[in-house]
Amino acid sequence: MFNFVLRRIAVAIPTLLILVSVSFFLMFSAPGGPFTSERPIPAAVMENINAKYNLDKPVYQQLSIYIWNIVTEFDFGPSFRYQDRDVLDLIQSGFPVTLTYGFWAFVFAVGIGVSLGVIAALKHNTAADYTAVSVAIVGQVLPNFVMAPILVLIFVLWLGWLPGGGWQGGQIEYIILPAIALGTSFLASIARITRSSMLEVLNSNYIRTARAKGLPFRYIIWRHALKPAMLPVVSYLGPAFVGMITGSVIIDSYFTTGGIGVHFINGALNRDYAVIMGVTILLGTLTITFNMLVDIIYAWIDPKIRY
Amino acid sequence: MLTHKKTNVEKLAENLGNEPIAGRSLWRDAMHRFSRNKAAMAGLVVLGLIVLFAAIGPFVAAWHYSDIDWSLMGNAASAGQPSIANGHYFGIDDLGRDLFARTVQGSQISLLVGTIGALIAVVIGTLYGATAGYFGGRVDSIMMRTVDILMSIPYMFFLILLLVMFGRSILLIFIGIGAISWLEMARIVRGQTLSIKNKEYIEAAIASGVRPFKIVLRHVVPNLLGVVIVYATLLVPQMILTESFISFLGLGVQEPQTSWGALINDGAGTMRYGTLWQLMFPLGFFIATLLSFFFVGDGLRDALDPKDR
């Protein structure tokens, strides 16, 4: 197990390096620089500025300085657009917001998705099963950018129950809609995966043995069926997490929650390269770390995996 | 009773002699199974209608998708509803442009991105996966580790990064979406190839001295077709989703061109003013297409999956 974890970390680190380098070279190859402007700056001044920001050094040195600053002091450099803010400020203000509703979206998707899938499998071919399956199918064609306007239409414009945007320090009514909009399509997928794997497990031989022994049904489900049935769900959590991180961009820009996605979008629209890179690297790191965690958890639950 | 049966049997015997027995290929079988699947057939019909809509829509529309109806501009909420009389079958959008023509245009772009993106993914993914699976060993492990690494990178951000750095263009979206979505395909194809490469006909090909790459192209790839078709059908809606995602953020297609994602974004932005049709028409097309693709994909999987045979 320990070796497996080490090996998994050994794969994650080069992945991170590739992520950082590729985005760095993309930025480097983009036309124009941070100090290019319509009025030409005197050559001497330009030289001084370049020296101050290490822009006169060769590319690989710039890259290593960039990585070094990120690793040692989380310094992603200054924003190209906002004069008095650097990328770290933007991340610090936006990240907690995204994490908060992201966490609730995750809880919503996993909690309801798994219960729905298990119920559907236990009541196979009944009305409950068909309802769960329909919910799963409908949820799959309602990605966050479709779900968000529909939710706002129903709960904000027609019913007037919830605010249509804003954050207000994370009060509960401001979290509900973003979390549901972000989580729905994953809820659907999780329900579908849980249902099919639970059905497969319930039809397997060892469950039949357990029932033949006369174990109570409830005990069989909790003790024998649930854990193996969760394996495909756990391996789906990696992609689901990536999807949610990506989806947070939509949620932030639609619900004006002030999360990190807004900075990404504004960065993209303003060509604020430092911000886009910083956010890409941060979210990429999160993704890679989470994928690694999922792999480790998977290896831990699945006795068939040898490491 | 007995005599009656006898005549039946005799008839059968006669018929057997007369009619040649038509063999049923695997594909015929699959088609038969598919055509019995009601949801999949319904999906196919809806998809056909949507493609038809995108194809002949421009000839039906009374307006061009970029023209502004100056007589209605500015009062979309009061006078811009869908109406047959003034030629705006789906109403007008916020700027006074004909929503029917724009929905047609959006459908064209979305469907194109979906199919071309899926096509690129299929070609790259199949060749890559088949090569890795067929050659095995170190080649395989290097190729698949690369896929693993690429898969754990949040590609959507990279696509947006690309679009920002090199300017937005529909071509870049095509290439970008196709080029990042072949990874899953490569994995699936590799898995299938591993089981195909031990078949007798591959052995026969090796024994008769066919060169490795030719074996991959001639003997492995055609036998992957079933899996590839199923996943390609499931890839198309994914591509449409990705494009819509980017366009919803305003980073995709550029005005006056549009796509479902951009239209949904516009509609969602103006629904507070009572112009709900601006959201509902593109949303309807989007959801109908995605649902149909999922049903068709499911139907194809059931029809082509060898496990059920």
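How many nonpolar, polar and charged residues does the lining of the largest cavity have, by class? The answer is two nonpolar, two polar and three charged residues. Keep in mind that the model you are looking at is predicted. Let us walk through its cavities, its core, its salt bridges and the make-up of chain B.

**Empty spaces inside**

Rolling a probe the size of a water molecule over the atoms shows where empty space is left. Here the count comes to two cavities of 30 Å³ or more. You can compare them in this table.

| Cavity | Volume | Helix giving the most to the lining | Residues from that helix |
|---|---|---|---|
| Largest | About 50 Å³ | H12 (residues 260-270) of chain B | three |
| Second largest | About 30 Å³ | H7 (residues 172-202) of chain A | three |

To find the largest cavity in the structure, look for B:Asp93, B:Asp94, B:Leu99, B:Leu263, B:Asp266, B:Gly267 and B:Gln278, which line it. The second largest cavity is lined by residues of chain A, among them A:Pro163, A:Tyr174, A:Leu177, A:Pro178 and A:Phe255. Three glycines, A:Gly164, A:Gly165 and A:Gly166, also belong to that lining, as does A:Thr257. By class, the second largest cavity has five nonpolar and four polar residues around it, and no charged ones.

**The nonpolar core**

In soluble globular proteins, nonpolar side chains tend to be buried together. The largest nonpolar core of this model holds 173 residues, and the members that touch the most others are A:Met198 and B:Phe286. Helix H9 of chain A, spanning residues 217-255, gives the most to this core, with 20 residues.

It is worth clicking on B:Phe286 to see what surrounds it. Leaving out residues up to four places away in sequence, B:Phe286 touches A:Val141, A:Pro143, A:Phe145 and A:Val146 in chain A. Within chain B, the residues that B:Phe286 touches are B:Ile240, B:Leu241, B:Ser244, B:Trp260 and B:Ile264.

**Two salt bridges**

Side chains of opposite charge can pair when their charged atoms come close. How many salt bridges does the structure hold over all chains? There are two.

One of them joins A:Arg195 to A:Asp129, with the closest N and O atoms 2.8 Å apart. Because A:Arg195 lies in helix H7 and A:Asp129 in helix H5 (residues 127-140) of chain A, the pair ties together parts that are 66 residues apart in sequence. A:Asp129 is buried, with a relative accessible area of 0%.

The other joins B:Asp140 to B:Arg190, and here the closest N and O atoms are 2.7 Å apart. This pair links distant parts of the chain, with B:Asp140 in helix H6 (residues 137-151) and B:Arg190 in helix H9 (residues 182-196) of chain B, 50 residues apart. Are the two partners buried or partly exposed? B:Asp140 is buried, with a relative accessible area of 9%, while B:Arg190 counts as partly exposed at 22% relative accessibility.

**Chain B as a whole**

Finally, step back and look at chain B. Its secondary structure comes to 13 helices and zero strands, so from the N terminus on you meet one α element after another. Chain B has 309 residues, of which 47% count as buried. Among the contacts in chain B between residues at least 6 apart in sequence, 74% join residues at least 24 apart.

Definitions and conventions
Residues numbered from 1 in each chain as written. Chains lettered and ligands numbered in written order. Predicted model: local features only at pLDDT ≥ 70, side-chain atom pairs only at ≥ 80, totals over all residues. Heavy atoms only, no water. Core = buried A, V, L, I, M, F, W, Y, C linked by side-chain atoms within 4.5 Å. Buried < 20%, exposed > 50% of the residue type's maximum accessible area, 1.4 Å probe, protein only. Helix = DSSP H or I, 4+ residues; strand = E, 2+ residues; numbered from the N terminus. Contact = heavy atoms within 4.5 Å. 1 Å grid on protein atoms, 1.4 Å probe; cavity = no way out; pocket = protein on both sides within 12 Å on 5 of 7 lines; lining within 4 Å. Points joined across faces, edges and corners; volume = space filled by probe spheres on them. Nonpolar A, V, L, I, M, F, W, Y, C, P; charged D, E, K, R; others polar. Salt bridge = Lys/Arg side-chain N within 4 Å of Asp/Glu carboxyl O.
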